[in-house]
Amino acid sequence: MLFKKKLILSGIVILGSIAAIAAFQYWRASRIFLYAGTLETTKVILSSKVASDIIDFPISEGDAVTKGQLLLELSCDVYKVQAPQINNDYERAKALIQKGHMSQAQYDVLERNKQDNDLKLNWCRVTAPINGVVVTKFREQGEVVSAGTSLLSVANPYDIWAYFYVPHDMLYRLKIGQRITGILPEAPDKTFSGRIVKVNEEAEFTPKNVQTRAERTRLVYGVKVRFDNPDLMLKAGMTIESTLINE
């Protein structure tokens, strides 16, 4: 009798284990797989085109700026000092060539000098190339900079996207213009509408920021998704997840 009870209990335990394993396998097979990507924004780094000192730098990090807005001004004293002489020479040259008292080659040299100086004076006023927010100031008012020195960076927080990396057998389900839904791991109840804007044609190894070595050795295709960000909740550097399936 005792043996039968033990046999029944053993059978129940085995059946329970089998049921638990089957339930886990069903959950694993039926759960939705989420691809993860890191958000990025359009960012422009502005550099000095001339060697000079910064005489005015009125904006601060975090300031919103509009395209064409003055961000900083360089002194450009050298070009300002020589501008009157260059302009006078050019005006005389125009009068002389009209009367035939100057060769075309001489006139071209003076005209080129004026255009070159005017261009450099224009470069002394650095304006915003896009609507956005000042992310970083690399220099401050009073500093002397050389040509090519980074001055500041401006980013457009509304133009935000992420790359997701998918296997080859996922490509047939994706197309340019397809709408998808993204979620933030820290706010799963909030969804963000996105649109596929690019699917890479060539496979590559998964980027190094993927956590496991096994994942990094897989050949995958990059899929660029641009997200709507009207309330600026999405920010560069955040992780966003998506099934990449049009829902």
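**View 1. S242 sits in strand β13.** In this predicted model, β13 covers residues 239-242, with S242 among them. At just 1% relative accessibility, S242 is well under the 20% cut-off, so it counts as buried. A polar atom of the S242 side chain lies 2.9 Å from the backbone nitrogen of L244. Setting aside residues up to four places away in sequence, S242 touches F33, L34 and Y35, along with F164, I180, T181 and G182.

**View 2. Helix α2 has a kink of about 40° at A83.** The kink comes shortly before the proline P84. Helix α2 runs over residues 77-98, and at 1.5 Å a residue its 22 residues should span 32 Å. The end C-alpha atoms of α2 turn out to be 33 Å apart, which agrees. Which residues of α2 are buried? They are Y79, A83, I86, Y90 and A93. An α-helix has 3.6 residues a turn, so residues three or four places apart point the same way. Part of the cover over the buried residues of α2 comes from α3 (104-123). After α2 comes G100, with a positive phi near 80°.

**View 3. I59 is a buried loop residue.** The loop in question links β2 (52-56) and β3 (64-65). Is I59 buried or exposed? With 5% relative accessibility against a cut-off of 20%, I59 counts as buried. Leaving out neighbours within four places in sequence, I59 is in contact with Q69, L71, V134, K137 and L152. Take V134: I59 and V134 are 75 residues apart in sequence, yet their C-alpha atoms are 8.0 Å apart in space.

Key: Residues are numbered from 1 along each chain as its sequence is written. This is a predicted model: local features need pLDDT of at least 70, side-chain atom pairs count only at pLDDT 80 or more; totals for chains, interfaces and linings use all residues. Side-chain values use heavy atoms; hydrogens and water are left out. Helices (H or I, at least four residues) and strands (E, at least two) are DSSP runs, numbered from the N terminus. Buried means under 20% relative accessible area, exposed over 50%, partly exposed in between (1.4 Å probe, protein chains only). A polar contact is a pair of N or O atoms within 3.5 Å; within protein, one must be able to donate a hydrogen and the other to accept it, and residues adjacent in sequence count only if both atoms are side-chain atoms. Contact means heavy atoms within 4.5 Å. The expected span of a helix is 1.5 Å times one less than its number of residues. The bend at a residue is the angle between axes fitted to the seven residues ending there and the seven starting there.
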